[in-house]
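These are my notebook entries on one structure. I record what I looked up, entry by entry.

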Amino acid sequence: MTRTEEFLTVLDEEMLQYFREIVDELTGRFGMSRAEAVARVNAAYEGVDIEPYPDLMCHEEPDYWAYRLYFLPKDGRDPHSGVVENLSEWETRPAPPKNSHVWTLAE
């Protein structure tokens, strides 16, 4: 298990791949830069004890976590693909501040 320059948590190789899939979902679905997507993941998971693959979070697909990182909850619910059709009803989370240490990749 290692910490990469990209993510601010210790991950084994398979969880590193899983986190990169979450980033791919954020960039592909929501059009953000890879740097912003990694910053959102880092803001959420820095310091979290992630078990080797398959960590408990792996019971959900990466897109589930991407939606949670991009949208704010509403009425105690989080949107995710296949459940919410009209995403315009959901408020987006602000990106972490640009001067934050969670931005580990250049824009």
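Against which helices do the buried residues of α2 pack? I looked up their contacts in this model, which is predicted. The buried residues of α2 pack against α1, residues 13–30, and α3, residues 62–70.

**Entry 1. Helix α2**

I began with the length of the helix. Helix α2 runs over residues 34–45, and its twelve residues should span 16 Å at 1.5 Å a residue. I found its end C-alpha atoms 16 Å apart, which agrees.

I then asked how many of the twelve residues of α2 are buried. Nine of them are, and I noted the helix as mostly covered. The buried residues are A35, E36, A37, V38, A39, R40, V41, N42 and Y45.

I also checked the backbone beyond the helix. G47, just after α2, takes a positive phi of about 80°.

**Entry 2. R40**

I chose R40, which has its place in helix α2, for a separate look. Is R40 buried or exposed? Its relative accessible area is 6%, so I entered R40 as buried. The cut-off for buried is under 20%.

I next listed what R40 touches, leaving out residues up to four places away in sequence. The contacts of R40 are M32, L69, Y70, R93, P94, A95 and P96.

**Entry 3. Helix α3**

I turned to α3 and asked why it is largely enclosed by the rest of the structure. Eight of its nine residues are buried, and therefore I recorded α3 as largely enclosed. The buried residues in α3 are P62, D63, Y64, W65, A66, Y67, L69 and Y70. I looked up what covers these buried residues, and the cover includes α1 and α2.

**Entry 4. Aromatic rings**

I counted the aromatic pairs and obtained eight. For Y64 and W65, I read a distance of 4.9 Å between ring centres and an angle of 85° between the planes, so I classed the pair as edge-to-face. The cut-off for that class is over 60 degrees. Y64 and W65 are both buried.

I then examined Y70 and F71. Their ring centres are 4.9 Å apart and their planes stand at 80°, so this pair is edge-to-face. Y70 has 18% relative accessibility and therefore counts as buried. F71 has 4% relative accessibility and therefore counts as buried.

Which residues form one aromatic cluster with Y70 and F71? I found F30 and Y67 in that cluster.

I also looked for a charge over a ring. K74 lies over the face of W90, at 4.6 Å from the ring centre.

**Entry 5. Salt bridges**

I searched the whole structure for salt bridges and found eight. I describe some of them below.

D24 and R34 form one of these bridges, with the closest N and O atoms 2.9 Å apart. D24 lies in helix α1 and R34 in helix α2, so this pair ties together parts that are ten residues apart in sequence. I entered D24 as partly exposed because its relative accessibility is 40%. R34 is likewise entered as partly exposed, because its relative accessibility is 33%.

R29 forms a salt bridge with D63, and here the closest N and O atoms are 3.7 Å apart. With R29 in helix α1 and D63 in helix α3, 34 residues apart, the pair links distant parts of the chain. R29 counts as partly exposed at 41% relative accessibility. D63 is buried, and I noted its relative accessible area as 12%.

K98 forms a salt bridge with E107, and I read 2.3 Å between the closest N and O atoms. K98 is exposed, with a relative accessible area of 55%. E107 counts as exposed at 58% relative accessibility.

Lastly, I asked which residues are joined into one network by salt bridges that share partners. I found E25, R29 and D63 in that network.

Conventions
Residues are numbered from 1 along each chain as its sequence is written. This is a predicted model: local features need pLDDT of at least 70, side-chain atom pairs count only at pLDDT 80 or more; totals for chains, interfaces and linings use all residues. Side-chain values use heavy atoms; hydrogens and water are left out. Rings of Phe, Tyr and Trp (its six-membered ring) pair if their centres lie within 6.5 Å; planes under 30 degrees apart count as stacked, over 60 as edge-to-face and the rest as tilted. Buried means under 20% relative accessible area, exposed over 50%, partly exposed in between (1.4 Å probe, protein chains only). A charge sits over a ring if NZ of Lys or CZ of Arg is within 6 Å of the ring centre and within 35 degrees of the ring normal. Helices (H or I, at least four residues) and strands (E, at least two) are DSSP runs, numbered from the N terminus. The expected span of a helix is 1.5 Å times one less than its number of residues. Contact means heavy atoms within 4.5 Å. A salt bridge is a side-chain nitrogen of Lys or Arg within 4 Å of a carboxyl oxygen of Asp or Glu.
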